[in-house]
Amino acid sequence: MSSWNSVGMEVLYQVLGWVAFFAWSFSFYPQVFLNFKRKSVVGLNFDFLVLNLTKHSSYLIYNAALFFSPFIQRQYHETYGDKEMIPVAANDVAFSVHAVALTAFTLFQVFIYERGNQKISKVCISITAIVWTAAIVCLIVAWPKSNWLWLIDVFNSIQVGMTAIKYIPQAIMNFRRKSTIGWSIGNILLDLTGGVLNFGQMGVQSIDQHTLVNFYGNIGKTLLSLEVVFFDILFIIQHYVLYPVKRDENGKAIISERVAPLIRPSDKPEEDSV
């Protein structure tokens, strides 16, 4: 069975993992507090939230199944070798549980706070329906031969795809509004920190084990970290460089744009007014 070669590397692995957990977990709260303070979710893209819930739910299924199931762990070792360590840590499972709960709570805020004329787009609804339908089909396929490792790899692939897709509506909304007001930059800074530390944790395991298997054995975690870093840097550029917040003499943000949904409920074009 696999084990750590260095106690120091094991400690560093745990430290990086749990610091990443707290950074990623706390990254949800600036947006929640901002919504509460403003009593409004205008500027927060609802497609992002729905896609994010699908992403984190899929990641929770993968992490929890591989971490807790001896049967799936045995399938993993049969695929990648008995000496390879399971590429999911306790902090991964804890993060996924917390992420699902906080994303669901943020969606709840959408229903109780001012949301202007923003709506969940038909494209988002279609993507979500297709993803979960495909997941159910894969479950039916995996069930007869107990191909559970393959099945959770499907969910891991879903979370990778949803991670890329979920950021796009918010990035486009910021571009169309020429503003990031309503979108918490605190969320992004913490998210970026978690992504870098998460990748660093995988690097520590790889160095200790003298192998890169943990990178491609859990390709979802690897791609997740890279996607997070890429999009967070994009959002930071939008917030601080492209669309910096303008403030009046009292330090209050000046809002000059009208918010419209990313995809309008009708195909009839509308003219934006400033």
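Buried means under 20% relative accessible area, exposed over 50% and partly exposed in between, with a 1.4 Å probe and protein chains only. The model is predicted, so local features need pLDDT of at least 70 and side-chain atom pairs count only at pLDDT 80 or more, while totals for chains, interfaces and linings use all residues. Residues are numbered from 1 along each chain as its sequence is written, and side-chain values use heavy atoms, with hydrogens and water left out.

**Exercise 1.** Determine whether Trp-183 is buried or exposed, and classify its ring pair with Phe-48.

*Solution.* Trp-183 has a relative accessible area of 4%, and is therefore buried; Phe-48, at 7%, counts as buried as well. Rings of Phe, Tyr and Trp (its six-membered ring) pair if their centres lie within 6.5 Å, and planes under 30 degrees apart count as stacked, over 60 as edge-to-face and the rest as tilted. The structure holds 20 aromatic pairs. For Phe-48 and Trp-183 the centres are 5.3 Å apart and the planes stand at 85 degrees, so this pair is edge-to-face. Because Phe-48 lies in helix H3 (residues 46–68) and Trp-183 in the loop between H7 and helix H8 (185–209), the pair ties together parts that are 135 residues apart in sequence; helices here are DSSP runs (H or I, at least four residues), numbered from the N terminus.

**Exercise 2.** Compare the expected span of helix H7 with the distance between its end C-alpha atoms.

*Solution.* The expected span is 1.5 Å times one less than the number of residues. Helix H7 has 30 residues (148–177) and should therefore span 44 Å, which agrees with the 44 Å between its end C-alpha atoms. Just after H7, Lys-178 takes a positive phi of about 55 degrees.

Technical notes
Helix = DSSP H or I, 4+ residues; strand = E, 2+ residues; numbered from the N terminus.
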